[in-house]
Amino acid sequence: MSGGRRVAVVTGGASGIGRATVERLVGDGWNVVVADLNQANGDALVRDLTGTGGTEGADRGQVDFVRTDVSDEGSVEAAVARAQERFGRIDAMVNNAGVGGAFGPITELELEDWEYTFSIVSRGVFLGTKYAARAMTASGRGGSIVNTGSLAGISGGAGPQAYSAAKAGVINFTRSVAVELAAHRVRVNSVSPGFIRTPILGTGVKKIERLLGDVQPWPEVGEPTHVASVIAFLVGPDSAFVTGESINVDGGVTAAGPRVGDTIGGDPAARGLVGVARGSTGHESTVRRRTGPGTAQASG
Ligand SMILES: NC(=O)c1ccc[n+]([C@@H]2O[C@H](COP(=O)([O-])OP(=O)(O)OC[C@H]3O[C@@H](n4cnc5c(N)ncnc54)[C@H](O)[C@@H]3O)[C@@H](O)[C@H]2O)c1
């Protein structure tokens with residue numbers, strides 16, 4: 001029975017990161033409303049999760065699909081209402097729907113393509129937060145809202161201009177609203193994925209895999225489940241005192257920054273050297289050739 005189960009709405013839940021999040025939450029016992037524009041993928045997900053080994057299991061939650069356009073206010077309001085009607089409550093809202101949106105030189109971008117991008121990436125998160133927060137504050141139980149940001153929202157050079165600007169907005173919108181809603185025990189956090197193997201990357205994933213070593217410290221491309229598990233943490237009780245936070249799920253890309261040392265040869269370790277630089281102290285620096293593990297590649 002669905003009585004005491006926690007309930008989530010996941011926008012963009014029919015594919016990629018959203019789908020992995022739905023699968024994870026249902027497996028963790030949540031009842032989930034998938035709110036996505038893509039009817040065929042939504043139906044397929046419901047079929048997959050309600051088939052053999054699906055929601056029949058005692059510990060698994062149920063899944064429902066409602067065709068939703070996150071850029072449309074009435075549509076988002078209806079998705080939140082669906083969770084309350086079907087499952088009786090809403091404890092978590094995952095504002096995850098997204099598209100790459102407008103691309104090309106800034107001098108040639110069409111205003112309507114810019115507006116389209118913002119209507120989904122930015123407005124969609126606003127609307128999802130607005131209606132989830134209404135329901136969560138009205139219930140008196142609070143809740144958790146998780147917004148999907150992006151590496152592109154943190155630095156330049158990681159996505160098209162409109163997408164990057166809208167995602168930067170998502171990350172700071174998250175902080176602002178977290179401050180506002182804390183008194184109601186509604187937590188608001190964001191996850192910022194790096195390179196994750198989903199359809200949004202299109203044919204780009206092969207190229208990314210080839211060039212990955214230049215930008216990402218972790219050896220493999222990220223999987224949707226890597227992001228889903230962080231979202232599961234943020235909607236669940238283990239993150240009860242975490243709000244206004246942004247968690248990068250990017251295999252260390254942000255941590256590495258421009259990787260100047262590696263790419264233009266400034267890093268002594270990459271040149272097979274080890275030692276200590278004593279700068280302008282008047283004391284001698286020491287340097288010797290590396291002999292430890294990985295030396296063969298490093299000193300080549
Ligand atoms: N995959 C990556 O490398 C990556 C990196 C950073 C951020 N992201 C973000 O992660 C989120 C999920 O993307 P993904 O990689 O899983 O892509 P995806 O294309 O697999 O899934 C996106 C989903 O959003 C849905 N959607 C698009 N517009 C919608 C609308 N107007 N209303 C409702 N649903 C809509 C699509 O139908 C699709 O099911 C997006 O916000 C994306 O920007 C992805």
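Visitor: Why are helices H4 and H5 called roughly parallel?

Guide: In this predicted model, H4 (residues 111-121) and H5 (residues 123-139) pack at an angle of about 25°. Angles under 35 degrees count as roughly parallel, so H4 and H5 are roughly parallel to each other. Their axes lie 3 Å apart.

Visitor: Which residues of H4 meet which residues of H5?

Guide: From H4 come Phe118, Ser119, Ile120 and Val121, and they meet Arg123, Gly124 and Val125 of H5. Heavy atoms within 4.5 Å make a contact.

Visitor: What makes up the contact of H4 with H5 by class?

Guide: There are four nonpolar residues, two polar and one charged in the contact of H4 with H5. Gly counts as polar and Arg as charged.

Visitor: Let's turn to the ligand. What makes the pair between Asp36 and the ligand a polar contact?

Guide: A polar side-chain atom of Asp36 is 2.6 Å from a ligand oxygen atom. The cut-off for a pair of N or O atoms is 3.5 Å, so this pair counts as a polar contact.

Visitor: How do you know that Lys167 and Gly194 belong with it?

Guide: Lys167 has a side-chain N or O atom 2.8 Å from an oxygen atom of the ligand. For Gly194, a backbone N or O atom lies 3.1 Å from a ligand oxygen atom. Both pairs are within 3.5 Å, so they count as polar contacts too.

Visitor: How many residues surround the ligand?

Guide: The ligand is surrounded by 28 residues, and the closest are Ser15, Ile17, Asp36, Tyr163 and Thr198.

Note on methods
Residues numbered from 1 in each chain as written. Predicted model: local features only at pLDDT ≥ 70, side-chain atom pairs only at ≥ 80, totals over all residues. Heavy atoms only, no water. Axes fitted to C-alpha atoms, helices over the stretch in contact; angles between N-to-C directions. Helix = DSSP H or I, 4+ residues; strand = E, 2+ residues; numbered from the N terminus. Parallel < 35°, antiparallel > 145°, perpendicular 65-115°, else oblique. Near = heavy atom within 4 Å. Polar contact = N/O pair within 3.5 Å; in protein donor to acceptor, adjacent residues only side chain to side chain.
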